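Colleague: I should like to learn how the terms used for a protein model are justified. May I ask about them in turn?

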Amino acid sequence: MARRQTPGLTDAELRVMRVLWQRRRATVGEVVDQLTETPKPAYNTVLTIVGILQRKGYVTREKEGRAHAYQPTIDQSEARRTALSLVLKRFFDNSPRELVLDLLGHERLDADELRRVREIIAGVAEQPVKLDSGGRRRR
């Protein structure tokens, strides 16, 4: 039986994507060289991971001599939004309010971070609310 595809990025996939975001393009050998974990994963392990990333649509592949070079198809901020949307859906019933209340209730913010959060909230409050065809808020 085939293994179910994980939505978003696994920890191993994220490590590989960080290398690709930093380099913008890399072969599997270059990714292995850039990984800092000890022991380094085997070449074939990283090859499997980039294959999964390609099937998920996170990277594309181009022939480069005898090897293939991989490039990210999404940037890091888009991957963050996707991951946050998954967390929001799975743990907070799609409620940004619940997520923020939980985060601020458990994390201590310094004065600069708190000021920045207030600025973001003020900026969001000034934006008009847009509704989709079903009457739900949309981004």
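The conversation below sets computed values against the definitions of the terms.

Colleague: What kind of model is this, and how many helices and strands does the protein chain have?

Modeller: The model is predicted. The protein chain has six helices and five strands. Read from the N terminus, its elements follow the order α-β-α-α-β-β-α-α-α-β-β.

Colleague: How much of the protein chain counts as buried?

Modeller: Of its 139 residues, 22% count as buried. The protein chain exposes about 10,900 Å², and carbon and sulfur atoms supply 50% of that area.

Colleague: Why is E13 called buried or exposed?

Modeller: Buried means under 20% relative accessible area. E13 has 4% relative accessibility, so E13 counts as buried. The residue lies in helix α1.

Colleague: Which residues are in contact with E13, leaving aside its neighbours within four places in sequence?

Modeller: They are G8, I49, I52, L53 and K56. A contact requires heavy atoms within 4.5 Å. For one of these partners, I49, the C-alpha atom is 6.2 Å from that of E13, although the two residues are 36 apart along the chain. For the protein chain, consider contacts between residues at least 6 apart in sequence: 42% of them join residues at least 24 apart.

Colleague: What makes R25 and E64 a salt bridge?

Modeller: The rule asks for a side-chain nitrogen of Lys or Arg within 4 Å of a carboxyl oxygen of Asp or Glu. The side chains of R25 and E64 meet at 3.2 Å, N to O, so the pair satisfies the rule. This pair links distant parts of the chain, 39 residues apart: R25 is in the loop between α1 and β1, and E64 is in strand β2.

Colleague: Why are R25 and E64 called partly exposed?

Modeller: Partly exposed covers the values between the limits of 20% and 50%. R25 has a relative accessible area of 27%, and is therefore partly exposed. E64 has 34%, and is therefore partly exposed.

Colleague: How do you know that E119 forms a salt bridge with R116?

Modeller: Their closest N and O atoms are 3.6 Å apart, and the limit is 4 Å; the pair therefore counts as a salt bridge. Both residues lie in helix α6, three residues apart, which is about one turn of the helix. E119, at 39% relative accessibility, counts as partly exposed, and so does R116, at 45%. Elsewhere, salt bridges that share partners join R25, E62 and E64 into one network.

Colleague: How many salt bridges are there by this rule?

Modeller: The count comes to eight. Among them is the one between E98 and R97, with the closest N and O atoms 2.8 Å apart. R97 has a relative accessible area of 55%, over the 50% limit, and is therefore exposed. E98 has 36% and is partly exposed.

Colleague: Why does F91 count as exposed?

Modeller: Exposed means over 50% relative accessible area. F91 has 57% relative accessibility, so F91 counts as exposed. Its place is in helix α4, residues 76-91. Together with L84 and V87, F91 makes a nonpolar surface patch of about 280 Å².

Colleague: Which elements give two or more residues to the lining of the second largest pocket?

Modeller: The second largest pocket holds about 310 Å³ of space. The elements in question are α1 and α4. Its lining has 17 residues, of which L9, L14, A79, R80 and A83 lie nearest the centre. The largest share, eight residues, comes from α4.

Colleague: What is particular about the phi of D93, and why is D93 called exposed?

Modeller: D93 has a positive phi of about 50° although it is not a glycine. Its relative accessibility is 70%, over the limit of 50%, so D93 counts as exposed. D93 is found in the loop between α4 and α5. N94, in the loop between α4 and α5, also is not a glycine and has a positive phi, of about 60°.

Colleague: Which residues does a cis peptide bond join?

Modeller: The bond joins T38 and P39, with an omega of about -5°. P39 is placed in the loop between α2 and α3.

How values were computed
Residues are numbered from 1 along each chain as its sequence is written. This is a predicted model: local features need pLDDT of at least 70, side-chain atom pairs count only at pLDDT 80 or more; totals for chains, interfaces and linings use all residues. Side-chain values use heavy atoms; hydrogens and water are left out. Patches are made of residues with over 30% relative accessible area and no salt bridge: like charges are joined within 9 Å, nonpolar side chains (Val, Leu, Ile, Met, Phe, Trp, Tyr) within 5 Å. Accessible areas come from the Shrake-Rupley method with a 1.4 Å probe; for residues, only the protein chains shown count as cover. Helices (H or I, at least four residues) and strands (E, at least two) are DSSP runs, numbered from the N terminus. Buried means under 20% relative accessible area, exposed over 50%, partly exposed in between (1.4 Å probe, protein chains only). On a 1 Å grid over the protein atoms alone, a cavity is a set of points where a 1.4 Å probe fits but cannot get out, and a pocket is an open set with protein on both sides within 12 Å along at least five of seven lines; lining residues have an atom within 4 Å of a point. Grid points are joined across faces, edges and corners, and a volume is the space filled by probe spheres set on the points.
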